[in-house]
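These are my notebook entries on a single protein chain. I went through salt bridges, the sheet, its packing and the surface in turn.

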Amino acid sequence: MAPATPAAQEKQRKMQPHLQSILNEMQQAQQGTVTRQNLIKEIEALDTTKPRRLLVYIGNAANPNSSINLTHTVPLADALSGIGRTENLDLMIHTLGGSGDTAEKIVEMCRNHCSGEFRVIIPNMAKSAGTLIALGADTIVMGHCSEVGPTDPQIRITVGNAPQFVSAWTFIHARDELAKKVNEANARGENADAYLQQLATIDSVFVKHCEQLMEFAKKVGRKWIAARLMAKSVSKNEAEEKADKVIDFLSNVQEHIIHGRLILAKELKTNCEPTLHVEELEETSPGWQKLWNLYVRYEVFLMSPNPPGVPHKAVIIETASTSLTING
């Protein structure tokens with residue numbers, strides 16, 4: 001075979017670093033998955049009295065396409081199928097929220113694979129629809145920086161060509177405030193035309209939709225909480241009354257003011273226990289250290305760039321034997 005020409009040698013020299021770089025990236029990615037899945041197995045084995053399986057559902061907060069939605073249910077179902085029927089199931093979740101009806105489906109899917117205790121583990125944030133998912137758990141596990149958030153539904157609107165999310169309660173409240181001002185003006189014998197004109201600009205069908213979204217979020221949370229209480233021999237009326245107190249606290253926009261407000265473990269326990277069972281782990285506890293270690297690895301993975309032309313990572317769904325990444 002004739003020796004390679006200098007030009008061919010130079011071409012080969014330039015190609016090799018690219019090939020080696022790609023192989024290194026693949027090897028590191030595979031090793032990262034193996035490391036995380038080994039950690040999952042270690043976490044599952046922590047409780048020797050209650051064997052558990054762990055399902056991880058982590059969204060990339062920097063990616064708007066990470067919000068909870070129906071496209072996530074198939075990979076979640078696939079991961080649950082890999083786990084199969086289990087006595088105790090943990091769901092580690094990190095999300096800024098998303099679809100309430102998908103949140104309902106995710107809880108039902110998890111409960112269908114779990115005959116015993118269903119726990120939701122929040123390493124960082126489970127906001128909005130993520131909080132709804134937490135309400136479906138028998139136990140909510142939180143740590144020093146874990147937070148849930150208000151459950152008032154958000155509606156996407158466009159202001160100056162820029163999308164914004166506004167609480168459904170805000171539209172309802174605006175309608176009610178204008179109606180109140182009309183009644184007050186009429187009672188004083190004043191001209192209420194200015195208020196009536198503003199009231200006429202509010203779409204009654206849209207406001208009705210907002211009311212339905214608010215009622216849906218409350219109904220979903222009430223269903224899970226009341227069912228757990230009734231399983232402990234609490235009467236239906238008492239169970240629903242206790243559930244409503246929790247839902248009223250979490251959906252109170254006047255109390256929380258903004259949708260992104262954090263609700264830490266201590267505040268959640270103060271306002272919602274014993275109706276909710278919140279397990280707060282010490283930062284230095286071995287269990288929390290392993291959970292935090294695992295979570296940070298997911299954050300690093302989600303922030304790592306994809307190859308050119310591949311959309312950014314949005315969500316990772318993982319178990320001890322399954323790993324699925326959703327890009328978008």
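**Entry 1: a salt bridge between two helices.** I began with glutamate 104 and lysine 223, whose side chains meet in a salt bridge at 2.7 Å, N to O. The model is a predicted one, and side-chain atom pairs count only at pLDDT 80 or more. I then looked up where the two partners sit: glutamate 104 is in helix H3, and lysine 223 is in helix H7 (residues 204-230). The pair thus links distant parts of the chain, 119 residues apart. For lysine 223 I noted a relative accessibility of 35%, so this residue counts as partly exposed.

**Entry 2: a buried pair.** I turned next to arginine 52 and glutamate 117, which form a salt bridge through their side chains at 2.5 Å, N to O. Arginine 52 belongs to strand S1, whereas glutamate 117 lies in the loop between helix H3 (100-112) and S3. These two residues are 65 apart in sequence, and their pair also links distant parts of the chain. Are the partners buried or exposed? Arginine 52 counts as buried because its relative accessibility is 7%. Glutamate 117, at 14%, counts as buried as well.

I followed both residues further and found them in a network of salt bridges that links Asp47, Lys50, Arg52, Asp90, Glu117, Arg119 and Glu279.

**Entry 3: a pair with partial exposure.** I also recorded the salt bridge of glutamate 190 with arginine 188, where the closest N and O atoms are 2.9 Å apart. Glutamate 190 has a relative accessible area of 41% and is therefore partly exposed. Arginine 188 is partly exposed too, at 48% relative accessibility. A search of the whole structure returned 21 salt bridges.

**Entry 4: the sheet.** I traced an open sheet of seven strands with mixed pairing, in the order S10-S5-S3-S2-S1-S11-S12. Which strands stand at the edges? They are S10 (278-280) and S12 (323-327); each has a single partner strand, so one side of each is left without a neighbour in the sheet. From one strand to the next, the twist averages 20 degrees.

Within the sheet I examined the pairing of S1 (residues 52-59) with S2 (residues 88-94): the two strands run parallel and are joined by seven bridges. I listed two of the bridge partners in S2. Tyrosine 57 is matched with isoleucine 93, and isoleucine 58 with histidine 94.

**Entry 5: burial of S2.** I checked how far S2 is covered. Seven of its seven residues are buried, so the strand is largely enclosed by the rest of the structure. The cover extends to both faces: Asn88, Asp90, Met92 and His94 are buried on one side, and Leu89, Leu91 and Ile93 on the other. Asp90 is also a member of the salt-bridge network of Entry 2.

**Entry 6: helices on the sheet.** Helix H2 (residues 73-83) lies across S1, S2, strand S11 (313-318) and S12, and I noted an angle of about 165 degrees between H2 and S1. H11 also packs on the sheet, where it touches S1, S2, strand S3 (118-122), strand S5 (139-142), S11 and S12. The direction of H11 makes about 140 degrees with that of S11.

**Entry 7: a nonpolar surface patch.** I then looked for nonpolar side chains on the surface. Val296, Val300 and Met303 form a patch there, with about 280 Å² of accessible area together. Valine 300 is located in helix H11 (residues 286-303).

**Entry 8: leucine 276.** This residue lies in the loop between helix H10 (265-272) and S10. Leucine 276 is buried because its relative accessible area is 2%. Which residues does leucine 276 touch, not counting those up to four places away in sequence? They are Leu135, Ile140, Ile225, Arg228, Val246 and Leu268. I also recorded that leucine 276 and threonine 139 are 137 residues apart in sequence but 7.3 Å apart in space, C-alpha to C-alpha.

**Entry 9: totals.** I closed with values for the protein as a whole. The protein has eleven helices and twelve strands. Of its 328 residues, 42% are buried. Among contacts between residues at least 6 apart in sequence, 68% join residues at least 24 apart. The accessible surface comes to about 17,500 Å², and 55% of that surface belongs to carbon and sulfur atoms.

Key: Residues are numbered from 1 along each chain as its sequence is written. This is a predicted model: local features need pLDDT of at least 70, side-chain atom pairs count only at pLDDT 80 or more; totals for chains, interfaces and linings use all residues. Side-chain values use heavy atoms; hydrogens and water are left out. Patches are made of residues with over 30% relative accessible area and no salt bridge: like charges are joined within 9 Å, nonpolar side chains (Val, Leu, Ile, Met, Phe, Trp, Tyr) within 5 Å. Accessible areas come from the Shrake-Rupley method with a 1.4 Å probe; for residues, only the protein chains shown count as cover. A salt bridge is a side-chain nitrogen of Lys or Arg within 4 Å of a carboxyl oxygen of Asp or Glu. Helices (H or I, at least four residues) and strands (E, at least two) are DSSP runs, numbered from the N terminus. Two strands pair if DSSP finds at least two bridges between them. Axes are lines fitted to C-alpha atoms, for helices over the stretch in contact, and angles run from 0 to 180 degrees between N-to-C directions. Contact means heavy atoms within 4.5 Å. Buried means under 20% relative accessible area, exposed over 50%, partly exposed in between (1.4 Å probe, protein chains only).
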